[in-house]
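Visitor: I have a few minutes before my next run. Can you walk me through this structure?
Guide: Sure, pull it up and ask away.

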Amino acid sequence: MQVLLVDDSAVYRKLIGDHLRSWGFGVILAETGAEAWRVLEQPKTPKLVLLDWVLPDVEGIELCRSIRAAGLSGQYIYIILLTSKEGRQNMLDALEAGADDYLMKPFDGAELKARLLTGKRILDLQEELVAARESMREAAMRDSLTGLLNHAEIFGMLERELERARRERKPLSVLLGDIDHFKKVNDSHGHLFGDEALREIARRLQSKLRPYDGVGRYGGEEFLLVLPACDLEGAMQRANELRETIANAPVVAGGVERSITMSMGIAVSECIGVKEVEPLVSRADAALYTAKNNGRNRVEYMVASHGEARK
């Protein structure tokens with residue numbers, strides 16, 4: 001872990017810096033509050049700061065307040081304020097300004113190390129909590145079987161992208177895909193093979209999408225794809241590429257090999273905003289229904305104006 005040491009004394013910078021390196025910490029040095037601020041504004045700023053109270057341009061306690069007010073780097077910065085000022089009021093002022101700890105100069109090396117290790121342990125625990133929270137948030141967004149966005153999240157993305165399409169007056173297409181004869185797949189080879197087939201289809205769909213496209217599990221063996229800035233011609237081309245990617249190679253799992261196909265329905269946004277979500281998905285669903293009736297393993301689209309499905 002790196003430590004930012006802010007002290008205008010060359011003696012203390014050398015003394016403390018040598019201690020830090022011997023204890024396994026990386027060290028970044030700053031002589032003034034302005035230098036320290038420039039370091040802290042960087043994307044990968046040190047999370048542990050040793051900050052002298054008295055600096056040439058700004059008091060350390062004021063810099064501490066600024067750090068807390070700015071919320072730099074979006075992560076917590078653990079601050080130990082170093083000072084030769086005595087008195088409980090000074091300690092209270094430091095803590096009220098946002099310092100996490102307070103150490104009097106001159107200090108014992110073992111005491112400084114103990115304070116630093118305490119700060120490191122707190123930061124490590126916080127990092128674990130943040131990672132756990134992010135993992136839980138990600139799990140709440142994802143379908144547990146396929147790893148794709150779940151029903152709620154893909155609809156949420158569709159709402160956001162429709163609003164963007166309305167503002168920018170750009171097209172947006174949705175694809176609703178359904179695996180053909182999936183019940184027969186499960187009946188013939190079992191649900192474990194069926195689950196692996198769903199995961200494999202999900203992987204193939206993801207592999208062909210642009211970074212800003214979205215794909216989610218709509219439900220069962222159905223998948224909903226959101227294609228921003230994609231008109232009907234582009235959506236038809238993408239849908240057929242996806243359909244061929246699925247159909248051209250069999251799914252292999254547990255010693256079983258089976259070819260699987262997907263039918264798809266397309267609808268294109270009219271750029272009227274977020275209230276278009278349900279009508280848009282309904283049109284894609286109607287087009288998918290037509291694809292199934294017309295023989296499966298094909299793509300159809302639904303024209304909004306008169307409700308006609310076309311290939």
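Visitor: Which exposed residues sit on the face of α7 turned away from its buried side?
Guide: K183 and D187. Keep in mind that this is a predicted model.

Visitor: And which residues of α7 are buried?
Guide: F182, V185 and N186. They span an arc of only 95° around the axis, so they sit on the same side of α7.

Visitor: What covers those buried residues?
Guide: The cover includes β6, α8 and β10, the last at 256-258.

Visitor: What follows α7?
Guide: G190 does, and its phi is positive, near 95°.

Visitor: What about the other end? Where is H181 found?
Guide: In the loop between β6 (172-179) and α7 (182-189). H181 is not a glycine, yet its phi is positive, about 55°.

Visitor: How accessible is H181?
Guide: H181 is partly exposed, with a relative accessible area of 38%.

Visitor: Which other residue, not a glycine, has a positive phi near 50°?
Guide: A229. You'll find A229 in the loop between β8 (222-228) and α9. A229 is partly exposed too, and its relative accessible area is 48%.

Visitor: Since you mention β8, is F223 in that strand buried or exposed?
Guide: F223 lies in β8. F223 counts as buried because its relative accessibility is 0%, and the cut-off is under 20%.

Visitor: How far is F223 from A36?
Guide: Their C-alpha atoms are separated by 50 Å. Along the chain, F223 and A36 are 187 residues apart.

Visitor: Switching to helix packing. At what angle do α8 and α9 cross?
Guide: Roughly 140°. The axes of α8 (residues 191-207) and α9 (residues 232-247) come within 10 Å. That angle makes α8 oblique to α9, because only angles over 145 degrees count as roughly antiparallel.

Visitor: Left-handed or right-handed crossing?
Guide: Right-handed.

Visitor: Which residues make the contact?
Guide: From α8, I201, R204 and L205. From α9, L242, T245 and I246.

Visitor: How does that contact split by class?
Guide: Four residues are nonpolar, one is polar and one is charged.

Visitor: OK, new helix. Which residues of α3 are buried?
Guide: In α3, which covers residues 60-70, they are G60, I61, L63, C64 and I67. Down the helix axis they fall within an arc of 160°, so they line one face of α3.

Visitor: What do the buried residues of α3 pack against?
Guide: Two helices and two strands. The helices are α2 (33-40) and α4 (88-96). The strands are β3 (48-52) and β4 (78-83).

Visitor: What comes just after α3?
Guide: G71, with a positive phi of about 60°.

Visitor: Last one. Which peptide bond is cis, with omega near -10°?
Guide: The bond from K105 to P106. P106 lies in the loop between β5 (101-104) and α5 (109-141).

Visitor: Let me check I have α7 straight before I go. F182, V185 and N186 are the buried residues, while K183 and D187 are exposed on the face turned away.
Guide: That's it. For the helix pair, remember the right-handed crossing of α8 and α9, at roughly 140°.

Conventions:
Residues are numbered from 1 along each chain as its sequence is written. This is a predicted model: local features need pLDDT of at least 70, side-chain atom pairs count only at pLDDT 80 or more; totals for chains, interfaces and linings use all residues. Side-chain values use heavy atoms; hydrogens and water are left out. Axes are lines fitted to C-alpha atoms, for helices over the stretch in contact, and angles run from 0 to 180 degrees between N-to-C directions. Helices (H or I, at least four residues) and strands (E, at least two) are DSSP runs, numbered from the N terminus. Angles under 35 degrees count as roughly parallel, over 145 as roughly antiparallel, 65 to 115 as roughly perpendicular and the rest as oblique. A crossing is left-handed if the near helix is turned anticlockwise from the far one by less than a right angle, and right-handed if clockwise. Contact means heavy atoms within 4.5 Å. Ala, Val, Leu, Ile, Met, Phe, Trp, Tyr, Cys and Pro count as nonpolar, Asp, Glu, Lys and Arg as charged, and the others, Gly among them, as polar. Buried means under 20% relative accessible area, exposed over 50%, partly exposed in between (1.4 Å probe, protein chains only). The arc is that of the directions from the helix axis to the C-beta atoms.
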